[in-house]
Amino acid sequence: MRITALAGGVGGARFLRGLLHHLDSLPTGPDGPHEVTVIGNTADDVTLHGLRICPDLDTVMYTLGGGIHPEQGWGRAGETFGVAAELAAYGAEPQWFTLGDRDIATHLVRTRMLGLGYPLSAVTEALCARWQPGVRLLPMSDDPIETHVVIDDPEGEAHADGTPAVKAVHFQEWWVRLHAAAPARQILAVGIDQAKPAPGVLEAIADADVVLLPPSNPVVSIGTILAVPGIRDAIRATKAPVVGVSPIIGGAPVRGMADACLSAIGVETSAAAVADLYSDFLGGWLVAPGDAGSTMPEGVALRAVPLLMSDVEATAAIAAAALDLATQLG
Ligand code: GDP
Ligand code: CA
């Protein structure tokens, strides 16, 4: 079985770990071992202190490769912060984004390779050679794409018609420094219109037996992947059933601030409203038991199962339910 999944950071990575755990328990399929290709979000990427950082790709790589900080869900286990302390002593900004020493090694290798002209997909493959994540991890695009968030600028001069001044900040600044508390007037994926899918991405969607949408952020993770020209069309066109897992349980994101992103695009925080965002290609949608009464877009099969990814076993059961639903649809 060839499975292709789209993924953001923590939610996507945790789901994928459960998926691999479930696949390990299955007999090998008629056409050999099960293969998982992950199309990772790169719109959270940012350059800080001269280092290119790909938070979502790294979260997937560390989680599946056994290097993740277990409670936090991102960053390295056993991390130290010597470099961050030295940078702070120099007053080097920004200080709201702390980089751990171990993590910095990843960013140094990546930045050096990018500087030599390697595309991000080749760099990601090189980093994964160490971590052996058990999936083929592809960035959604080799072209730089950055999510920016438009917020009010209290220090800026109001417009003549009285509307307040606004400014755009990088998504990481909005999320990490401002905790998504400043209302987002707009969320923009800068550079996406000119971006192309990375090599292998469209093929992985076309050739898949199943396409999965883990419970990643529907706006700034799955939403940006789908917005890379060609990717959404490929998912609409694939013969594979597409099954998604709701990131929203009972009207709230389980962890994180996805509701702030949904309100920015005028979408209600509910399992049904997220399914609506995918209604042009979605075949099946897993929701939590409490959301079993959700009204689905036409043609979408609803299945209710516990959706808390509390440990690997519970997450493997969610992945198994997603594959089972896909088999029914397929
Ligand atoms: P990020 O890039 O680190 O923000 O991670 P993702 O975009 O991959 O996933 C974030 C989303 O995962 C959040 O918006 C939550 O709604 C969702 N999420 C986190 N934990 C759980 C869980 O246990 N169950 C479900 N169903 N969703 C979860
Ligand atoms: Ca992310």
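**View 1. Helix 2 passes helix 4 in a right-handed crossing.** The model shown here is predicted. Contact residues on the helix 2 side are D58, M61 and Y62. Helix 4 contributes D103, T106, H107 and R110. By class, this contact has two nonpolar, two polar and three charged residues.

**View 2. The axes of helix 2 and helix 4 cross at roughly 120°.** Helix 4 spans residues 101-115. The two axes come within 12 Å. Helix 2 is therefore oblique to helix 4, since the angle is neither over 145 degrees nor between 65 and 115. Two packed helices are described by the angle between their axes and the distance between the axes.

**View 3. D44 and D56 are the protein donors of the calcium ion (ligand 2).** Their OD atoms lie 2.0 to 2.6 Å from the ion. D56 is listed twice among the donors. D44 sits in the loop between strand 2 (35-40) and strand 3 (46-48). D56 belongs to helix 2 (residues 55-65). The pair therefore ties together parts that are 12 residues apart in sequence. D44 counts as buried, at 6% relative accessibility. D56 is buried as well, with a relative accessible area of 7%.

**View 4. V242 lies in strand 10 (residues 242-245).** V242 has a relative accessible area of 2%, so it counts as buried. Leaving aside neighbours within four places in sequence, V242 is in contact with V211, L213 and I235, and also with F281, L282, G283 and G284.

**View 5. V242 and N41 are 201 residues apart in sequence.** In space, 18 Å separates V242 from N41, C-alpha to C-alpha.

Conventions:
Residues are numbered from 1 along each chain as its sequence is written. Chains are lettered from A and ligands numbered from 1 in the order in which they are written. This is a predicted model: local features need pLDDT of at least 70, side-chain atom pairs count only at pLDDT 80 or more; totals for chains, interfaces and linings use all residues. Side-chain values use heavy atoms; hydrogens and water are left out. Donors are N, O and S atoms within 2.8 Å of the metal (3.2 Å for Na, K and Ca); water is not among the atoms, so sites may look incomplete. Helices (H or I, at least four residues) and strands (E, at least two) are DSSP runs, numbered from the N terminus. Buried means under 20% relative accessible area, exposed over 50%, partly exposed in between (1.4 Å probe, protein chains only). Axes are lines fitted to C-alpha atoms, for helices over the stretch in contact, and angles run from 0 to 180 degrees between N-to-C directions. Angles under 35 degrees count as roughly parallel, over 145 as roughly antiparallel, 65 to 115 as roughly perpendicular and the rest as oblique. A crossing is left-handed if the near helix is turned anticlockwise from the far one by less than a right angle, and right-handed if clockwise. Contact means heavy atoms within 4.5 Å. Ala, Val, Leu, Ile, Met, Phe, Trp, Tyr, Cys and Pro count as nonpolar, Asp, Glu, Lys and Arg as charged, and the others, Gly among them, as polar.
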